[in-house]
Amino acid sequence: PFSIHVFKLDGCSLAVNSSWNALWNLEEREEPESHNIFEDEQLRATGLVQYIEESIKEGKAVTTPPLLHDPAKTSRESRKKWIEASVYPVRDEEGRVSEMAVVIEDITKRKELEDELAHQAFHDPLTGLSNRALFLNHLEHALARMQQRENSVAVLFLDLDDFKVVNDSLGHDVGDQLLVAVGQRLKGCLR
């Protein structure tokens, strides 16, 4: 559900829906009029206030990129969450902006899924190590930096001798265990 907050241009709240209270871990009994959106530490911590100020200044709707709310930056207990917001000016009969409305969507699950898919795209599912695509990406960047700074780059190639014999004689489960163990050892040697 979308979280909605309507407020005056000075930031004093006019109305919020129950989803707003749930999103920000507010008590239902807290009077919305007692809140000023510009003084809300949670909104400040996400960076949302700057988009609200921009919308008021420009007199037009503004949509934010994904914003991270980190409860460590506030005094309220909460969980980390990703949000996207749209800020809308509300106009009176004469066409002047008289109020503002903020509509927020909690996109935490979507961002977590995107992060997981990105991890899967660039890491081996068995060992968790970087795969060929990520290696090639890092190598490309390293080569570009090398040319800019006149540094050098080294690539180390490792091969597990007779790994096929392990798989054929002891089974793929043992081969997988060997790959994981070697991967952990290599990871432990790198910074």
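# Salt bridges, strands and a few odd angles

Lys 164 and Asp 168 are both exposed. Here "exposed" means over 50% relative accessible area, "buried" means under 20%, and "partly exposed" is anything in between, using a 1.4 Å probe and protein chains only. The model is predicted, with local features needing pLDDT of at least 70 and side-chain atom pairs counting only at pLDDT 80 or more, while totals for chains, interfaces and linings use all residues. Residues are numbered from 1 along each chain as its sequence is written, and side-chain values use heavy atoms, leaving out hydrogens and water.

**Charged partners**

Back to that first pair: the side chains of Lys 164 and Asp 168 join in a salt bridge, which is a side-chain nitrogen of Lys or Arg within 4 Å of a carboxyl oxygen of Asp or Glu. Because they sit 4 residues apart in helix α6, about one helical turn separates them. Helices (H or I, at least four residues) and strands (E, at least two) are DSSP runs, numbered from the N terminus.

How many salt bridges does a search of the whole structure find? It turns up 6, including these:

| Pair | N to O distance |
|---|---|
| Glu 94 and Arg 96 | 2.5 Å |
| Lys 164 and Asp 168 | 2.7 Å |
| Glu 114 and Lys 111 | 4.0 Å |

Glu 94 and Arg 96 are both exposed. Glu 114 and Lys 111 share helix α4 (residues 108-122), where they are 3 residues apart, or about one turn. Are those two buried or exposed? Glu 114 is partly exposed because its relative accessible area is 37%, whereas Lys 111 has 15% and so counts as buried. They also belong to something wider: a network of salt bridges links Glu 84, Arg 110, Lys 111 and Glu 114.

**Strands side by side**

Now for the strands. Two of them pair if DSSP finds at least two bridges between them. Strand β1 (residues 3-8) pairs with strand β2 (residues 13-16) in the antiparallel sense, over 3 bridges. Across that pairing, Phe 7 faces Ser 13 in β2. The two strands make a hairpin with 4 residues between them, and Gly 11 in the turn has a positive phi of about 95°.

β1 also runs antiparallel to strand β6 (residues 97-106), joined to it by 6 bridges. There, His 5 stands opposite Val 102 in β6. Strand β5 (residues 81-91) is antiparallel to β6 as well, and 9 bridges join them. Glu 84, already met in the salt-bridge network, has Glu 105 of β6 opposite it. β5 and β6 form a hairpin too, with 5 residues between the strands, and Gly 95 takes a positive phi near 90° there. A handy thing to keep in mind is that side chains in a regular strand alternate between the two faces of the sheet.

Another strand, β4 (residues 67-69), holds His 69. With a relative accessibility of 0%, His 69 counts as buried. Which side chain does the side chain of His 69 contact? Gln 42 is the partner, in a polar contact at 3.5 Å. Such a contact is a pair of N or O atoms within 3.5 Å; within protein, one must be able to donate a hydrogen and the other to accept it, and residues adjacent in sequence count only if both atoms are side-chain atoms.

**The loop between α5 and α6**

Most residues other than glycine have a negative phi. Glu 150 goes the other way, with a positive phi of about 55°, and sits in the loop between α5 and α6. Asp 162, in that loop too, has a positive phi near 60°. Glu 150 counts as exposed because its relative accessibility is 73%, and Asp 162 counts as exposed at 58%.

Val 153 is also found between α5 (132-149) and α6 (163-170), partly exposed at 34% relative accessible area. Together with Phe 135, Leu 136, Leu 143 and Val 155, Val 153 makes a nonpolar surface patch of about 410 Å². Patches are built from residues with over 30% relative accessible area and no salt bridge, joining like charges within 9 Å and nonpolar side chains (Val, Leu, Ile, Met, Phe, Trp, Tyr) within 5 Å. The areas come from the Shrake-Rupley method with a 1.4 Å probe, and for residues only the protein chains shown count as cover.

**And the cysteines?**

A disulfide is a pair of cysteine sulfur atoms within 2.5 Å, and by that rule there are 0 disulfides. Cys 12 counts as partly exposed at 26% relative accessibility, while Cys 189 reaches 67% and counts as exposed.
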